[in-house]
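Reader: I would like a close look at one helix of this model and at what surrounds it. Please place that part within the chain before turning to the detail.

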Amino acid sequence: FTALSFLLNAAMPKVRKVKGKKVAQAPFKSAGRAKKAVNPLIEKRPKNFSIGGDVQPKRDLSRFVKWPKYIRMQRQKKTLCQRLKIPPALHQFTNTVDRNLAKSIFKLAHKYRPETKLQKKVRLTEEAKKKTEGQETATGKKPVVLKYGINHITTLVEQKKAQLVVIAHDVDPIEIVVWLPALCRKMGVPYVIIKGKARLGQLVHKKNATAVAFTGVKAEDRSSLNNIVDAAKTNYLDRFDEIRKSWGGGVMGAKTTAAMAKIEKAKRKNLGQ
């Protein structure tokens, strides 16, 4: 062992120590992280998510859910409406009014909501009570309210009594209202297409409403109605020839678009050669 140590020391070259100034410390010494105090009474027990171990954490599994049939049909219908060519008569219902105009329409319509069933019952009860007591009931003018019901609105448009017709864009089946814009245009009645049959239904105390119509407003609301009518004429009546020629749909998916682009690129390459 002594001989081996002697040979190793003889083989290694001697390093000459250089005397010099000590290197100054860095001006900003990085302070090490303070160690967190560990309580020895609390035992660290990491979870084990292997088979037969701890309960798995909750994850978003909506991608793997089998949705109800009506939801799947809604999504398939939406996709089909994007892929297939949509004729102008149906495509016009995607051309809805903007948010500001819709807000002003609903604000005006809210003032002219018809009476509820309860209000009507109270009114008729009071009239019947007055009649039994021998008092005269005041028979004034009919109140100015929104008109609803597709047959009623059709009659009002044909008689040119409707001043503005508001049509819902999501009526199903669409055949109920698909002819109404053409009738309004023929009779010169301004109309608008607005989002939400349920929103129109709330105005007339119903679940849904295909369309509602204004037959008149009070003097203080005349200017508001005129502004809405002017916007309706500009966006719909004056553009009727353009609307009835514009087709919709024909929007392909990402895979089909990429495949078509690849084919077009190959064609251009062949033509270039």
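Author: In this predicted model, residues 24 or more positions apart account for 84% of the contacts in the chain that have a separation of 6 or more. The secondary structure in which these contacts are set comes to 11 helices and 6 strands, and of the 273 residues of the chain, 23% count as buried.

The helix to look at closely is α9, which spans residues 222-237 and whose buried residues are L225, I228, V229, A232, Y236 and L237. These residues cover an arc of only 105° around the axis, and therefore they sit on the same side of α9. The cover over the buried residues of α9 is drawn from several elements, including the helices α4 (99-110), α7 (180-187) and α10 (240-243), together with the strands β3 (164-168), β4 (191-194) and β5 (211-214).

Among these elements, α4 can be described in some detail. Two packed helices are described by the angle between their axes and the distance between the axes. For α4 and α9, the axes come within 10 Å and cross at roughly 140°, and because an angle over 145 degrees would be needed to count as roughly antiparallel, α4 is classed as oblique to α9. The handedness of the crossing between α4 and α9 is left-handed. On the α4 side the residues that meet α9 are L101, S104, I105 and L108, and on the α9 side their counterparts are L225, I228, A231 and N235. Sorted by class, this contact of α4 with α9 has 6 nonpolar residues, 2 polar residues and no charged residues. Two of the α9 residues that meet α4, L225 and I228, are also listed among the buried residues of α9.

The approach to α9 along the chain also deserves attention, for D221 lies in the loop between β5 and α9. D221 has a relative accessible area of 5%, so it is buried. Not counting residues up to four places away in sequence, D221 touches L108, K111 and Y112, and of these L108 is one of the α4 residues that meet α9.

The strand β3, which is part of the cover of α9, holds A168. With a relative accessible area of 0%, A168 is buried. Leaving aside its neighbours within four places in sequence, A168 is in contact with F93, I194, G196, K197, L200, A209 and T210. The C-alpha atoms of A168 and R199 are separated by 8.7 Å, although these residues are 31 residues apart along the chain.

Three elements that cover α9, namely β3, α7 and β5, recur around helix α6, where they are joined by β2 (147-148) among what covers the buried residues of α6. Helix α6 runs over residues 150-158, and its buried residues are I150, I153, T154, L156 and V157. Seen down the axis, these fall within an arc of 165°, so they line one face of α6. T154, within helix α6, is buried with a relative accessible area of 14%, and, leaving aside neighbours within four places in sequence, T154 is in contact with W179 and L183. Just after α6, K160 takes a positive phi of about 60°.

Methods. Residues are numbered from 1 along each chain as its sequence is written. This is a predicted model: local features need pLDDT of at least 70, side-chain atom pairs count only at pLDDT 80 or more; totals for chains, interfaces and linings use all residues. Side-chain values use heavy atoms; hydrogens and water are left out. Buried means under 20% relative accessible area, exposed over 50%, partly exposed in between (1.4 Å probe, protein chains only). Helices (H or I, at least four residues) and strands (E, at least two) are DSSP runs, numbered from the N terminus. The arc is that of the directions from the helix axis to the C-beta atoms. Contact means heavy atoms within 4.5 Å. Axes are lines fitted to C-alpha atoms, for helices over the stretch in contact, and angles run from 0 to 180 degrees between N-to-C directions. Angles under 35 degrees count as roughly parallel, over 145 as roughly antiparallel, 65 to 115 as roughly perpendicular and the rest as oblique. A crossing is left-handed if the near helix is turned anticlockwise from the far one by less than a right angle, and right-handed if clockwise. Ala, Val, Leu, Ile, Met, Phe, Trp, Tyr, Cys and Pro count as nonpolar, Asp, Glu, Lys and Arg as charged, and the others, Gly among them, as polar.
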